[in-house]
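Work through the exercises below with the model on screen. Try each task before reading its solution.

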Amino acid sequence: MQSKDQKTNRLINATSPYLLQHANNPVDWYEWGPEALEKAKKEDKPVLVSIGYSSCHWCHVMEHESFENEDIAAIMNEHFVSIKVDREERPDIDQIYMEAVQAMGINGGWPLNVFITPDQKPFYGGTYFPPQNWSQLLLQISKVYREKRSEVNNSADDLARRLASSDLDRYRQKSNTEFTDKGIAKMVDALQSKFDKKWGGMDKAPKFVMPTQWQFLLRNYKKVNDKNSLDMVELTLKKMAMGGLYDQVGGGFARYSVDGEWFAPHFEKMLYDNAQLLSLYAEAYSITGDPFYKRIVFETIEWLGREMTNKDGGFYSALDADSEGEEGKFYVWTKQEWDSVLSESPAWLAQYYNITDEGNWEHGNNIMSMVDYDHDFARRIGIDEKELRQELESAKKLLLKARDKRIRPGLDDKVLTGWNAMTIQGLVDAYLALGEPVFLEMAVANMDFIEAHLIDDKVYRSHKVKRSNTEGFLEDYGYLIGAYISLYQATFDEKHLSKANHWLEYTNRNFFDDSEGYYHFSSNNSEQLIARKKEIFDNVIPSSNGVMARNLFHLGIILDREEWRSRAASMLLQISHLVEDEPAYMSHWAILYSEMNTQMAEIVLVGKNIDEANLALQRHYLPFALFMGTRTQSELPLLIDKVNPPDKDYTIYVCYNKTCKLPVHSVDEALAQLK
């Protein structure tokens, strides 16, 4: 027990930046674990579980107003055992108590503050509380806990039983036996009915990016040549990257816009959003060849390398919305600041980025956003589009140099396995679409970091200076397996395939529930919580069961494991009615649905000079194909009998369900066979 004159609490030993932010609070915080729960049981006190994350604006506000307040801390320390949880490091705990608060009829969000019994059962909760309300609530909860214990226990028991029940009991049904064109058309219609025809995205505010929705529509465009699907995606991608949601100076996207026009962002930047958006913009470029998408990919990866990568190749988790206690202060400009930086630049730059004397946002500040497409703006002011871009690039360098002198937003510098693996996927997709070798180099360096710091006999969740003791969750294993599959298809280095196979078999042993046919979010070896969830709905990160189902399907084809393909189909069939009815919340599953509805091509490249041909092939948008290759010999089932004549640089086999067309020796011939 620390003495009162010490300035830090026990969170000083945490690996989470969010927990470390609270290490100087006068609150006697604990990390989640048996020590805190045993103390609560011994002293007969309720437990406060306060959940947030490093870049959460209102988490900072509540910390400053309440958790740094000596009087409020004294109430918390006297009447409660208080536990701080980083939701990004422990999403399993966050899932349970977020569902509990929502079951109480309260809107969820962060900070999430939940009162539980010493045996982990929740009985009350909420989100942000102003300090006066918080102190009153603390005293009221303590009084009720002492004086009405049986009522508290009964309520907590009921809620715990509800949390422990399976979501799948409500949603599974064996209605469909196949994946149909009609089902896909139904999904497209559902997304179209909610589409914002002026600004792109879904027709509501706030607006989140939700990349897999648009990736599904791109696949529908490819499948049936539905121009409307492509138009919806293009409008969304253009408007997102033209708005304040996108950092016009430094690259990278914020988490969401508070309005319906992608204008005013919630300024935090999350790794997982940008990872997925790399894949999305790369796919859009591979379809259209539009240099706008190429620029966004390059700028976002430049930001990733400049601001989000540690010296060993690991990617940080997030940048805060706030600097100097103000949201967005690092990113916005007064007209006076703008003019001082760009005093020798063309006056039309202010018009291009919607910079006004009075400010287009709060307190006389301006959020940079593009008012028009480049070709339209250039024509309107009477200059060549190439000259326009040159002036813009010059101005951006000046603005970035000036901005770098400001006090930076807080950096959440923990490295999460799942989010890093997701970024590997984005970098590989960008490499394949744009052919830039440095993108693949970054992906390989990141995998080297994961393997060096986050893997031994199992996969770990988080690393900051040292790795945490928490085993990875299903999203960590799922995205890691997917990253290995992608790296294999980009390089044909079979070590990646071997590792994908190893971790898929590990996940099958340690996460899969035979009784329901889906994967638990946490492993069989994880600590006992009051509920063990199975994640099936997409959020801003796709559902981990959906990710695993696609891994099973893809690896089942590459390694010829029929039982894995069958498991993926079974998982999807049981909830296919949900996917068809609610694709906005099941869009990753919808991508798998479209793959299972469309015969997947197996493309095999053989020969010493296959790398150039592989890149030339994969620069085309081929979402319904998997790639395998060998420069010499391979024991992979689909490669065993494939040969390259000595007088040819390479041979390409286009196969469907293990039956191959005639071998060809040029990329154009292979593309013709794919049509």
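**Exercise 1: From one bridge to a sheet**

Start with a single pair: Phe208 has Tyr256, in S7, as its bridge partner. The model is predicted.

Task: Work out which strands stand at the edges of the sheet that holds S7.

Solution.
- Step 1. Follow the pairing. S6 and S7 (residues 256–257) are joined by 2 bridges and pair in the antiparallel sense.
- Step 2. Write down the order. The open sheet has 3 strands, S6-S7-S8, with antiparallel pairing.
- Step 3. Read off the ends. S6 (207–208) and S8 (265–266) are the edge strands; each has a single partner strand, so one side of each lacks a neighbour in the sheet.

**Exercise 2: A second sheet**

Task: Find the residue of S13 that is the bridge partner of Ala318, then place S13 in its sheet.

Solution.
- Step 1. Take the residue pair. Asp412 of S13 is the bridge partner of Ala318.
- Step 2. Move up to the strands. S10 (residues 318–319) and S13 run antiparallel and are joined by 2 bridges.
- Step 3. Place the strands. The order in this open, antiparallel sheet of 3 strands is S9-S10-S13.
- Step 4. Mark the edges. S9 (269–270) and S13 (411–412) each pair on one side only.

**Exercise 3: The whole chain**

Task: Decide how compact the protein chain is for its length.

Solution.
- Step 1. List the elements. The protein chain has 27 helices and 22 strands.
- Step 2. Compare two values. The radius of gyration is 26 Å, close to the 26 Å from the globule rule for 675 residues, so the chain is as compact as a globular protein of that length.
- Step 3. Add the box. Along the principal axes, the C-alpha atoms fill roughly 85 × 70 × 45 Å.
- Step 4. Check burial. Of the 675 residues, 62% are buried.
- Step 5. Check the contacts. Count those between residues at least 6 apart in sequence: 68% join residues at least 24 apart.

**Exercise 4: The cavities**

Task: How many cavities of 30 Å³ or more does the whole structure hold, and what lines the largest cavity?

Solution.
- Step 1. Count. The search finds 3 such cavities.
- Step 2. Size the largest. It holds about 800 Å³ of space.
- Step 3. Find its centre. Among the 38 lining residues, Arg219, Glu283, Gln425, Asp429 and Arg550 are the closest to it.
- Step 4. Name the elements. Those giving two or more residues to this lining include H10 (211–224), H12 (271–288), H18 (417–434) and S20 (625–630). H20 gives the largest share, 7 residues.
- Step 5. Sort the lining of the largest cavity. There are 18 nonpolar, 15 polar and 5 charged residues.
- Step 6. Turn to the second largest cavity, with about 130 Å³ of space. Its lining has 15 residues; nearest its centre are Gly244, Tyr246, Asp247, Phe267 and Tyr331. This lining divides into 10 nonpolar, 2 polar and 3 charged residues.

**Exercise 5: One helix**

Task: Explain why H25 counts as largely enclosed.

Solution.
- Step 1. Locate the helix. H25 (587–597) gives two or more residues to the lining of the largest cavity.
- Step 2. Inspect its residues. Trp589, Leu592 and Glu595 are among the buried residues of H25.
- Step 3. Draw the conclusion. In H25, 11 of the 11 residues are buried, so the rest of the structure largely encloses this helix.
- Step 4. Name the neighbours. The buried residues of H25 pack against H9 (181–193), H10, S18 (518–519), H22, H23 (562–574) and H24 (576–581).

Definitions and conventions. Residues numbered from 1 in each chain as written. Predicted model: local features only at pLDDT ≥ 70, side-chain atom pairs only at ≥ 80, totals over all residues. Heavy atoms only, no water. Pairing = 2+ DSSP bridges. Helix = DSSP H or I, 4+ residues; strand = E, 2+ residues; numbered from the N terminus. 1 Å grid on protein atoms, 1.4 Å probe; cavity = no way out; pocket = protein on both sides within 12 Å on 5 of 7 lines; lining within 4 Å. Points joined across faces, edges and corners; volume = space filled by probe spheres on them. Nonpolar A, V, L, I, M, F, W, Y, C, P; charged D, E, K, R; others polar. Rg over C-alpha atoms; globule rule 2.2 N^0.38 Å. Buried < 20%, exposed > 50% of the residue type's maximum accessible area, 1.4 Å probe, protein only. Contact = heavy atoms within 4.5 Å.
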